[in-house]
Amino acid sequence: LANISSIAENHEIYSRLNSHIAENEYDETVASNGGGASYVWIGANDLAAENSWIWENNNAQFWNGTMAGNSVGGRYNNWGRDTTQVQYEPDNASNQDAAAMAINEWPINVGNLGQTSQWNDLIATDPLYYIIEYEN
């Protein structure tokens, strides 16, 4: 799954998702506990150690803690924030251990917890679309 290391990469991925996922497909990738919004899995999780967020492809930790946590080593993150930039994710609600990029704001049509292209921690077993990073 994708490892997102910069704001430019985050924007590029979100832009490509919008060009490949039609709005009438959004209902096919809604998280069970993500505020009714649609998401795409990215390669981050805290499965090995709660609140220690790593990228799957290289095990590099980029975030420590919940919403009040901090970036590790200055690594990029884009956790959910409201329109005034108050951060609400990751919150580990109902044992959420995997990260996904939002296609739309959440809660749906309200957006007071997160905006499009931001990340939310979700239950890892949700059947969502996903983005694969390929390097040649």
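## A friendly tour of the loops and cores

P90 is found in the loop between β4 (70-71) and β5, in what is a predicted model.

Visitor: What is the omega of the peptide bond from E89 to P90?

Guide: Let's begin with the general picture: most peptide bonds are trans. The bond from E89 to P90 is cis instead. Its omega is near -5°.

Visitor: Which residues does the cis peptide bond with omega of about -15° join?

Guide: For this one, look at the loop between β5 and β6 (119-122), where P107 is found. The cis bond there leads to P107 from W106, so the pair asked for is W106 and P107.

Visitor: Is N95 buried, partly exposed or exposed?

Guide: N95 lies in the loop between β4 and β5, and has a positive phi of about 65° although it is not a glycine. Buried means under 20% relative accessible area and exposed over 50%. N95 has 46% relative accessibility, so it counts as partly exposed.

Visitor: Which residues touch the most other members of the largest nonpolar core?

Guide: This core has 20 residues. Elements giving it two or more residues include α1 (7-20) and β1 (39-45). Those touching the most other members are I4, F62, M101 and W119.

Visitor: What is the relative accessible area of Y130?

Guide: Y130 lies in strand β7 (residues 129-130). Together with L1 and I132, Y130 makes a nonpolar surface patch of about 320 Å². Y130 is exposed, and its relative accessible area is 55%.

Technical notes:
Residues are numbered from 1 along each chain as its sequence is written. This is a predicted model: local features need pLDDT of at least 70, side-chain atom pairs count only at pLDDT 80 or more; totals for chains, interfaces and linings use all residues. Side-chain values use heavy atoms; hydrogens and water are left out. A nonpolar core is a set of buried Ala, Val, Leu, Ile, Met, Phe, Trp, Tyr and Cys residues joined through side-chain atoms within 4.5 Å. Buried means under 20% relative accessible area, exposed over 50%, partly exposed in between (1.4 Å probe, protein chains only). Helices (H or I, at least four residues) and strands (E, at least two) are DSSP runs, numbered from the N terminus. Patches are made of residues with over 30% relative accessible area and no salt bridge: like charges are joined within 9 Å, nonpolar side chains (Val, Leu, Ile, Met, Phe, Trp, Tyr) within 5 Å. Accessible areas come from the Shrake-Rupley method with a 1.4 Å probe; for residues, only the protein chains shown count as cover. A salt bridge is a side-chain nitrogen of Lys or Arg within 4 Å of a carboxyl oxygen of Asp or Glu.
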